[in-house]
Structure formats: C-alpha cells, structure tokens
Amino acid sequence: MLPVSLDTIRVFLHVLAATVWVGGQLTMTALLPVLRGAGGDTPKQAARAFNRVAWAAFAVLVVTGVWNIAEAGDTPSDYQATLHTKLAVVAISGVAAALHARASTRKGLAVTGAVSGVTALIALFMGVQLG
Ligand code: HEM
C-alpha cells in the first residue's frame with residue numbers, strides 16, 4: 001500500500017473542500033427547479049443551509065491553499081502565473097458568492113450565481129494544473 005503522509009492529508013482536505021464549493025454550487029443549481037416547486041421560502045432556506053457548509057469549505061480552501069503554497073517552495077514562473085491567476089479567480093468566486101447571498105432580484109441572483117459558479121469551475125481546472 002502507498003503510505004499516507006501529511007501531504008496526502010493536505011491535498012485531500014483541499015480537494016474535499018473544492019468538491020463542496022464547486023460541486024455544491026452545481027448541485028444547488030440542479031435542484032433549484034425542485035426547490036422553487038416546493039413553494040414558500042424553501043429555495044431561500046436551502047440556500048442558507050448550503051451557505052453555511054460552502055463558507056466553511058471556502059475557509060478550508062484558503063487555509064489548505066496557503067499550506068499548499070508553503071509546501072510548493074520555489075516554483076517556475078509559469079506555475080506562479082497560473083497560481084496568481086487562480087487566486088484572482090478564487091477571489092472573484094468568493095466575492096460573487098457573497099453578493100449572491102445578498103442579491104434580491106432574479107437578475108442579480110442569476111448574474112452573481114453564474115459568476116461564482118463559472119469562476120469556481122475555472123479555479124478547479126487551474127488547481128488540477130497546479131497539482
Ligand atoms: C474555489 C477555490 C479553489 C478550488 C476549487 C481549488 C482546487 C484545487 C485542486 C482541485 C487542486 C489540485 C490538487 C491536486 O490534485 O494535487 C488544487 C491545488 C492547489 N491549490 Fe487550490 N483550489 C482553490 C483555492 C485555492 C486557494 C485559495 C489557494 C491558495 C491560497 C490554492 C492553492 C493551491 C495550490 C498551491 C495547489 C497546488 C498543490 C500541489 O502542489 O499539489 N487553492 N486546488
């Protein structure tokens with residue numbers, strides 16, 4: 001069997017948090033018609049419940065991401081360019097998600113939700129490039 005190291009745990013936690021942040025947003029989008037169909041403030045309540053888990057995952061991403069950087073040591077300039085672009089994209093995903101939670105119009109919800117989801121997917125792709 002391959003050994004389990006601290007590196008394994010670091011990357012596991014980072015990828016686990018990425019699945020929650022990215023996969024959770026995709027799943028919420030897929031469930032939206034059903035939640036709307038349930039009527040009342042069901043979509044709002046589901047979004048609030050997801051928000052709690054999603055922001056915990058985002059915090060884990062930031063902490064383990066900083067840990068990833070510390071472990072990566074000296075890296076070539078193309079790695080750094082991808083990393084810096086990824087960090088900008090992650091920041092946009094976080095800001096868009098925060099605005100999404102505060103949006104009150106259908107259009108505002110759609111735009112901020114789409115921006116957060118697409119940038120989260122781009123961050124996932126760039127993370128795989130870095131890994
Ligand atoms: C939406 C947020 C994020 C997503 C979806 C994401 C996703 C990923 C994924 C899937 C990997 C590949 C792991 C592997 O297979 O080795 C990765 C690696 C990495 N991530 Fe993230 N990440 C996010 C946020 C961050 C943040 C905030 C930082 C830094 C503060 C960061 C820094 C890194 C670094 C340095 C690596 C390379 C790790 C290695 O060398 O193995 N990530 N990320």
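**Exercise 1. Compare the span of helix 4 with its expected span, and do likewise for helix 3.**

Solution. Step 1: helix 4 has 25 residues, and its first and last C-alpha atoms are 36 Å apart, close to the 36 Å expected at 1.5 Å a residue. The expected span is 1.5 Å times one less than the number of residues. Helices here are DSSP runs of H or I with at least four residues, strands are runs of E with at least two, and both are numbered from the N terminus.

Step 2: helix 3 has 26 residues and reaches 38 Å between its end C-alpha atoms, close to the expected 38 Å.

Step 3: the model is predicted, so local features need pLDDT of at least 70 and side-chain atom pairs count only at pLDDT 80 or more, while totals for chains, interfaces and linings use all residues. Residue numbers start from 1 along each chain as its sequence is written.

**Exercise 2. State which residues of helix 4 and helix 3 are buried, and what covers them.**

Solution. Step 1: a residue is buried if 20 or more other C-beta atoms, placed from the backbone, lie within 10 Å of its own, exposed if 12 or fewer, and partly exposed in between.

Step 2: in helix 4 the buried residues are G113, S116, G117, T119, A120, A123 and G127. Their cover includes helix 1 and helix 3.

Step 3: in helix 3, K86, V89, V90, S93, A96, A97 and H100 are buried, with helix 4 included in what covers them.

Step 4: for the protein, 18% of the 131 residues count as buried.

**Exercise 3. Is A120 buried or exposed, and why? Then do the same for G37.**

Solution. Step 1: A120 lies in helix 4. A120 counts as buried because it has 27 C-beta neighbours inside 10 Å.

Step 2: leaving out residues up to four places away in sequence, A120 touches W21, V22, Q25 and S93; contact requires C-beta atoms, placed from the backbone, within 7 Å. A120 and V15, 105 residues apart in sequence, have C-alpha atoms 13 Å apart.

Step 3: G37 belongs to helix 1. G37 is exposed because 9 other C-beta atoms lie within 10 Å. Its C-alpha is 36 Å from that of V128, 91 residues away along the chain.

**Exercise 4. Identify the largest nonpolar core and the elements that build it.**

Solution. Step 1: a nonpolar core is a set of buried Ala, Val, Leu, Ile, Met, Phe, Trp, Tyr and Cys residues joined through C-beta atoms within 7 Å.

Step 2: the largest such core has 11 residues: A17, A18, W21, V22, A54, F58, L61, V89, V90, A120 and A123. Helix 1, helix 2, helix 3 and helix 4 each give two or more residues to this core, and helix 1 gives the largest share, 4 residues.

Step 3: one core member, A123, touches K86, V89, V90 and S93, not counting residues up to four places away in sequence.

**Exercise 5. Describe the shell around the ligand.**

Solution. Step 1: a residue is near a molecule if its C-beta atom, placed from the backbone, lies within 6 Å of it. There are 24 residues around the ligand, and A18, G65, N68, G127 and G131 come nearest.

Step 2: helix 1 (6–37), helix 2 (42–72), helix 3 (77–102) and helix 4 (106–130) each supply at least two shell residues. The largest share, 7 residues, comes from helix 2.

Step 3: the shell has 18 nonpolar, 6 polar and no charged residues. Ala, Val, Leu, Ile, Met, Phe, Trp, Tyr, Cys and Pro count as nonpolar, Asp, Glu, Lys and Arg as charged, and the others, Gly among them, as polar.

Terms used. Two residues are in contact if their C-beta atoms, placed from the backbone, lie within 7 Å.
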